[in-house]
Amino acid sequence: MGTDVPDQKFTGADRVRFRRQVSRGTEAIARMLAEGLFSDHGAPPEPLLGMEVELNLVDAAMNPAMANAAVLDAIADPDYQTELGQFNIEINVSPRPFTTDDTISLEQALRTSLNRAEKRAAATDSHLVMIGMLPTLRSEHFAHHWISANPRYDLLNRQIFDARGEDIELDITGVPLDEHHDAEHLHTSTDSILPEAACTSLQLHLRVAPEDFAPHWNAAQAISGVQVALAGNAPFLADTALWHESRIPVFEQATDTRPLELKNQGVRPRVWFGERWINTIFDLFDENTRYFPALLPVSSDEDPLATLDAGETPALDELRLHNGTVYRWNRPVYDVVDGHAHLRVENRVLPAGPTVVDTMANAAFYYGLVRGLVEQDLPLWSQMSFDAAAENLHAGARAGFDSQLYWPGVGWIRPDELTLRRLLPLADAGLRSFGVSDKARSRYLSVIEGRCITRQSGSVWQRRAVAAREAAGDTRSAALHGMLADYVALMHEGEPVHTWSL
């Protein structure tokens, strides 16, 4: 959800003070790294799996339900929180050990929690959907009055539009549903950032020792294209067939503070893959400080360097707030727990859903593959350009299993072939290194293998289902509503998406 910020107006002095505070926070990070002041310095932390899952709300007719306040009251569980749009909520899954069969117990706990939340939400005539993008969302659902009541969201909306100076434009050319369809094009504008809320994701956290942050972040960047290609689950928006993982272009455009002139000048976007491999986490926080103006310049009274001088751990509120408004697909996280600072890599590439077991499989594949790459003698990122990794992300998001990705030692290859030939054994070795049991590794990696063999992800199933309904005479709207009703039923049955039939 992000840090709560009260509604307010900012002055030039607020921005100057905030910039100074962020700069001092960045200096504090550099000093903490140099002096070994992080709790995990010198020894790898216990492997923990932490995740956030964003959810959509629908009514019985499969239309967006603008009811998150009522739904959260009914669920009455602090693990569930508000999100940007009134049709969104989020569940925060407390970190758990990533060893033996703990992943399976996490899967069971997540399923139990979601089932309980669904039952309580149904009492408000709303239902939960785990999906990367709600296919029945239309342009009228992006009106400003559908922003959630939390003052942070309206304030963020105003700040983005003040920086941009004009309405946000979505301009995306899609991928044809099949050989009988032409590519479709979405071109619309909106006076709110609510298209960002359409992008519902699975966010994975991995706590790492400071000296290990760079290789873990580099590895996460390197596999982003494979992740979205195998797990795409967001093919429709505003009655339009877009990419297999349309969250990527929609999010990039929906939170863009740059008018056309600044884009033409090469000013960096707020939704950012990055531009280079890194050597330390400091590189990322330094980029945040140098390149991105504040969106929410709220300052505290803490002097982080004075706090360090006093032998205490700084909160770095400004650095963390600023970092939360630079939307990297793999984000650095500084956090303090029980007075001790630690670092995490937050992976934000994946969509939500389709099922709990698919979610756990996506998580296991990510964690295992990152660990496997980090433990290789020759770093993968030393063998490929950063631009190739960025191009893989967009290629995988656009075409899914039909994309061609670049991989060192292989060249251009489809993601399913790459995964079956190279990446599944590497992910298995990484999970084994974490201490994950044979049973858990087999359960989750077999789901990824099944997706690659059948070449069916959530997006593939959605697109096939809509094409079949339209061939039978449905309008696009009727096809989307009917498909979503079938999707919800299959989601509750819980079998992985590669086994779904039409």
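Buried means under 20% relative accessible area, and exposed means over 50%, with partly exposed in between. Keep that cut-off at hand for the exercises below, which all use a predicted model.

**Exercise 1. Decide whether D416 is buried or exposed, and find what surrounds it.**

Solution. Start with location: D416 belongs to helix α14, which covers residues 415-434. Next, take the relative accessibility, which is 3%. Since buried means under 20%, D416 counts as buried. Now look for neighbours, skipping residues up to four places away in sequence: D416 touches L230, F401, C452 and R455. With R455 there is also a polar contact, side chain to side chain, at 3.1 Å.

**Exercise 2. Follow the partner from Exercise 1: where does R455 lie, and what is notable about its phi?**

Solution. R455 sits in the loop that joins α15 (438-454) to α16 (458-471). Its relative accessible area is 23%, so R455 is partly exposed. Then check the backbone: phi of R455 is positive, about 55°, although the residue is not a glycine. For context, most residues other than glycine have a negative phi, and most peptide bonds are trans.

**Exercise 3. Find another positive phi in the loop between β12 and β13, and a cis peptide bond in the loop between β13 and α12.**

Solution. In the loop between β12 (330-337) and β13, go to D338. Its phi is near 55°, a positive value in a residue other than glycine. D338 counts as exposed because its relative accessibility is 72%. Moving on to the loop between β13 and α12, you meet P354. The peptide bond from G353 to P354 is cis, with omega near 0°.

**Exercise 4. Work out which strands pair with β7, and in which sense.**

Solution. Strand β7 runs over residues 201-208, and seven of its eight residues are buried. One partner is β1 (residues 48-58), which pairs with β7 in the antiparallel sense over four bridges. Another is β13 (residues 340-351), again antiparallel, over seven bridges. To see the link residue by residue, use L204 of β7: L204 is the bridge partner of M51, and in β13 the bridge partner of L204 is N347.

**Exercise 5. Which residues touch the most other members of the largest nonpolar core, and which helix gives the most to it?**

Solution. The core holds 162 residues, and M51, L237, Y334 and F365 touch the most other members. Helix α12 (residues 356-374) gives the most to this core, with 12 residues. To explore the surroundings of F365, leave aside its neighbours within four places in sequence; its contacts then include V226, L230, T419, L423 and I448. You have already met L230, which also touches D416.

**Exercise 6. Describe how helices α6 and α13 are oriented to each other.**

Solution. Helix α6 (residues 224-231) and helix α13 (residues 386-399) pack at an angle of about 5°, with their axes 7 Å apart. Angles under 35 degrees count as roughly parallel, so α6 is roughly parallel to α13. The contact involves S224, G225, V228 and A229 on α6, and N392, L393, G396 and A397 on α13.

**Exercise 7. How far apart are G165 and T257 in sequence and in space?**

Solution. First place G165, which is found in the loop between α4 (151-164) and β5 (168-173). G165 counts as exposed, at 63% relative accessibility. Then compare the two separations: G165 and T257 are 92 residues apart in sequence, and 8.4 Å apart from C-alpha to C-alpha.

Methods. Residues are numbered from 1 along each chain as its sequence is written. This is a predicted model: local features need pLDDT of at least 70, side-chain atom pairs count only at pLDDT 80 or more; totals for chains, interfaces and linings use all residues. Side-chain values use heavy atoms; hydrogens and water are left out. Buried means under 20% relative accessible area, exposed over 50%, partly exposed in between (1.4 Å probe, protein chains only). Helices (H or I, at least four residues) and strands (E, at least two) are DSSP runs, numbered from the N terminus. Two strands pair if DSSP finds at least two bridges between them. A polar contact is a pair of N or O atoms within 3.5 Å; within protein, one must be able to donate a hydrogen and the other to accept it, and residues adjacent in sequence count only if both atoms are side-chain atoms. Contact means heavy atoms within 4.5 Å. A nonpolar core is a set of buried Ala, Val, Leu, Ile, Met, Phe, Trp, Tyr and Cys residues joined through side-chain atoms within 4.5 Å. Axes are lines fitted to C-alpha atoms, for helices over the stretch in contact, and angles run from 0 to 180 degrees between N-to-C directions. Angles under 35 degrees count as roughly parallel, over 145 as roughly antiparallel, 65 to 115 as roughly perpendicular and the rest as oblique.
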